[in-house]
Amino acid sequence: MPISDNLLTPSESIYSIPEDMITRLRPLASANPIIGQDRALAALELGLGIPADGYNIFIMGASGTGRRTVLTTLLEKYKTKQEDLQDIGYVYNFARPLEPKALYFTAGTGSYFKKTLQGAIDSIRRQAIQITKSEVFAAASKKVIAEADTDENRLLADFEHQMAEEGFKVIQIKDDEARSMDLVPVVRGKTISFDELQDMASSGRFPTEKLNSMRESYYRCLDSMSELFTAIRNKRKITEKKIRQLKSQYIAPIIDNECAVLRSLCSREQENKDAIAFLDAIREDLLSRIHILTGQFKSLARKKHFFERYILNLVSEHPDGSSCIITEEVPTFANLFGSIETGNMNDDMNINPHMKIRGGSVHRAFGGYLLLRLQDLLMEEGAWPYLKRVLQSGKIEIQTPPSSHQSPSLVKPQPLDVRLKVIIIGGEHSYDFLYQEDPDFQKLFKVCAEFDSVMPLNDISIPPYISFIDSYIQRKKLLPLDDGGLGHVLREAARIAESRTQLTTRFTKITDLLHEADFHARAKGESQITAATISQTLAARHYLSRLPEEKFAEMIKAREIVIDVKGSQIGKVNGLAVHDRGYHSFGIPVVVTAQAAPGNKGVINIERESGLSGEIYDKAHLIIQGLFHRTYAKDIPLAVSASICFEQSYTEVDGDSASCAEFFSLLSAIARIPLRQDIAITGSLNQLGDVQPVGGISEKIEGFFDTCSILGLTGTQGVIIPRRNLDNLILSSRVEEAIQQNSFHIWAIACADEGLSLMSGITADHFREKVYETLKGFADRMQRHLN
């Protein structure tokens, strides 16, 4: 191919999206929130449409590619049906208080059940108190009490008569705190204490034998009195039981009547047997504690504890019309899977432990969808392993978080059956990593919706892209964008995608540009965003980020970085690299030098020897050696000691985009043929001599252009790029203007020979002959030296 054929014309170097194209395609724009992600859309529809286990969804893609927008739009289509949802709550377990039971209700009825139950309990207490104060109940209870009093008085009268026959009288003893009974001896019809009798016996006025006999009788009678009191207490307990039974007889119908509505609700819900059993347990518990129900509470805490016993603690609730799409932004263990409040050390866990249970996002998402971000999930200790366990077992048990400083809770709530679809949003390559490293992951997340960072640029894709931009402007109330401005925005979208045939789908970068353009347009008092506004916005953005660029330019200008952009030199080539800061990248020239002499050490990579090379760079160096052997040393022994170096490079070098520069400098050093310093080159090589495409092509060209501008443009300077990178060529306006003025040039090559011809000014065959002659001379000299 003639050398002139490698030079790109201005029309080939300059790229724009014509305004007339925008004018023609803009009317075709139609509102569609999902653009450029057909593959991801199909994967999401598959995952959302299959209810089988394991078909949870993992969304993978770069940030800003519309992952949430697409998902939200699809979930509206797959909105959970109310009949698939359930309200779930925990209630007191009257048999095992530390093991609260779970109740399930149709969506929207859990809250109704809870409020109705609370109202029923309040009404039962109110009516119970009223009925215990009624005349009918008072008469019935008085009758029972009167019968008990009569029986008790009879027992006391019989005992007193028995004691009189034994020679004792029953007396009552009163003190400040209580009343008791005692026996006093009766002598000659008068009561006398044992102390007085002892004094009389000591003086001979009362027989000692009789005193001792009375003492023995006294202790026997005390035993009888104790038996009497026991019998009286038992009879009083029977009386109390009769009173409670009487209360139950009057209050049981009230309980049944108040709970009838709840029983009817449970019966309609496909025979909710657990809820009916809970109502039965409440009935029995109220009747067994009826004395507390109708009595006065000693404190507000006791009253609270009494009524909490009958409260439904909802952990998952779905009111009518509510969406069951739960997004957990802070996926701690407790936020995801719920928790059990421990309170302080004085709290008795047996007192209404079901009220200490708190549900998590998993509970709220039952029957629906749970959205999580992978990065947030992996940062929380224990969250990812337990989520996998929940999905594997199909059950969730609320427990103390593993990282908690609290001791494990004694409360063991009933495990719940899990029915939800988990959707995790991760970054690029995250699904591949988890699939390879986590054996459980591939069984649980069978669907990967991979979001592309680019989409085709054509007459079909541009209208929906325009629609996205226009609708965003209207939604955010930004200034309108004219056709010229829109063309510049689309050009920037193509530059971000690094392709003339593609647009970026990292829409946040485009919306950020729109906001900044709106700011600059309003600052200038303009009524719309134009092409000039977009250019100004990009220039302002470049200014804010280019501080390292300016520092590098200062070193170029001060000649601290030794680089030539004029003339020719042997064994020296200007290569190109990209400095990427994440949010901003820029190209810089890198001087690549080589030295060669007869020897047997081969081609030494100084970067690798000094530990400053990456794996891809090392591979590229080995490829260069392979190409060198194939092209120049097929039939002669290679007797050369050469070295290749990146001058003034003190950090790690990686990548293969400097392969051409290294190869050319090596050949120049061997053949002693000078190469042009006013041309920089970038490109990767294979072992066949083909020049392969590289990344950051536009930034690299701009970097060398800026260096030439600082040191002085001569009109001959330019950059050699791989021909396969032509579609990636989207240059800044300053470089395009220089190309139009013929003061800067771009050449495109397909093979190494074309680049050698451009940089040396001689044909590739002539260059090859010079290299071969030199290598043959090296071999002869080494042979003579060995001999």
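1. Exposure classes. A residue is called exposed when its relative accessible area is over 50%, buried when under 20%, and partly exposed in between. Asn-742 has a relative accessible area of 52%, so this residue counts as exposed. The model is predicted, and the points below should be read with that in mind.

2. Overall dimensions. The protein chain has a radius of gyration of 47 Å, whereas a compact globule of 787 residues would have one near 28 Å. Along the principal axes, the C-alpha atoms fill a box of roughly 155 × 75 × 50 Å. One pair shows the span. Arg-784 and Ala-148 are 136 Å apart, C-alpha to C-alpha, with their positions 636 residues apart in sequence.

3. Make-up of the fold. The protein chain holds 29 helices and 28 strands. Of its 787 residues, 48% are buried. Contacts between residues at least 6 apart in sequence are the next item: 77% of them join residues at least 24 apart.

4. Surface and charge. The exposed area of the protein chain is about 39400 Å², and carbon and sulfur atoms supply 50% of that area. There are 91 positive and 102 negative side chains. The centres of the two sets lie 5 Å apart.

5. Largest nonpolar core. This core has 44 residues. Phe-628, Phe-663, Phe-664, Ile-681, Val-771 and Leu-775 touch the most other members. Elements giving two or more residues include strand 20 (585–598), helix 24 (615–632), strand 22 (640–646) and helix 25 (659–671). Strand 24 (679–681), strand 28 (745–749), helix 28 (752–760) and helix 29 (764–786) are also among them. Helix 25 gives the largest share, 9 residues.

6. Ile-681 up close. Leaving aside residues up to four places away in sequence, Ile-681 touches Val-573, Asn-574, Gly-575 and Leu-576, among others. Its contacts also include Cys-660, Ala-661 and Phe-664. Ile-720, Ile-749 and Met-759 are on the list too.

7. A second core. A separate nonpolar core has 38 residues. Phe-58, Ile-326, Val-362 and Trp-384 are included in this second core.

8. Phe-337. This residue is found in helix 12 (residues 333–337). Its relative accessibility is 0%, under the 20% cut-off, so Phe-337 counts as buried. Beyond residues up to four places away in sequence, Phe-337 touches Gly-360, Val-362, His-363, Ala-383 and Tyr-386, among others. Leu-387, Val-390, Ile-396 and Ile-398 are also touched by Phe-337. Val-362 is included in the second core as well. Ile-254 lies elsewhere: its C-alpha atom and that of Phe-337 are separated by 40 Å, at 83 residues apart along the chain.

9. Positive phi, twice. Most residues other than glycine have a negative phi. Arg-559 has a positive phi, near 65°. Arg-559 sits in the loop between helix 22 (547–557) and strand 18 (568–570). It is partly exposed, at 40% relative accessibility. Asn-742 is not a glycine either, and its phi is about 65°. Asn-742 lies in the loop between helix 27 (733–740) and strand 28. These two backbone positions are worth a look in the viewer.

10. Gln-648. The loop between strand 22 and helix 25 holds Gln-648. With a relative accessible area of 34%, Gln-648 is partly exposed. Apart from residues up to four places away in sequence, Gln-648 touches Glu-560, Ile-561 and Val-562. From Gln-648 to Asp-765, the C-alpha atoms are separated by 33 Å, and the two are 117 residues apart along the chain.

11. Arg-724. This arginine is found in the loop between strand 27 (718–722) and helix 27. Its relative accessible area is 48%, so Arg-724 is partly exposed. Not counting residues up to four places away in sequence, Arg-724 touches Val-691, Pro-693 and Ala-750. Gly-683 is 41 residues from Arg-724 along the chain, and their C-alpha atoms are separated by 9.7 Å.

12. Arg-784. Helix 29 contains Arg-784. Helix 29 is also one of the elements that give two or more residues to the largest core. Arg-784 itself has 57% relative accessibility; that is over 50%, so it counts as exposed.

Key: Residues are numbered from 1 along each chain as its sequence is written. This is a predicted model: local features need pLDDT of at least 70, side-chain atom pairs count only at pLDDT 80 or more; totals for chains, interfaces and linings use all residues. Side-chain values use heavy atoms; hydrogens and water are left out. Helices (H or I, at least four residues) and strands (E, at least two) are DSSP runs, numbered from the N terminus. The radius of gyration is taken over C-alpha atoms; the globule rule is 2.2 Å times the number of residues to the power 0.38. Buried means under 20% relative accessible area, exposed over 50%, partly exposed in between (1.4 Å probe, protein chains only). Contact means heavy atoms within 4.5 Å. Accessible areas come from the Shrake-Rupley method with a 1.4 Å probe; for residues, only the protein chains shown count as cover. Lys and Arg count as positive and Asp and Glu as negative; His and the chain ends are not counted. The place of a charge is taken as NZ of Lys, CZ of Arg, CG of Asp or CD of Glu. A nonpolar core is a set of buried Ala, Val, Leu, Ile, Met, Phe, Trp, Tyr and Cys residues joined through side-chain atoms within 4.5 Å.
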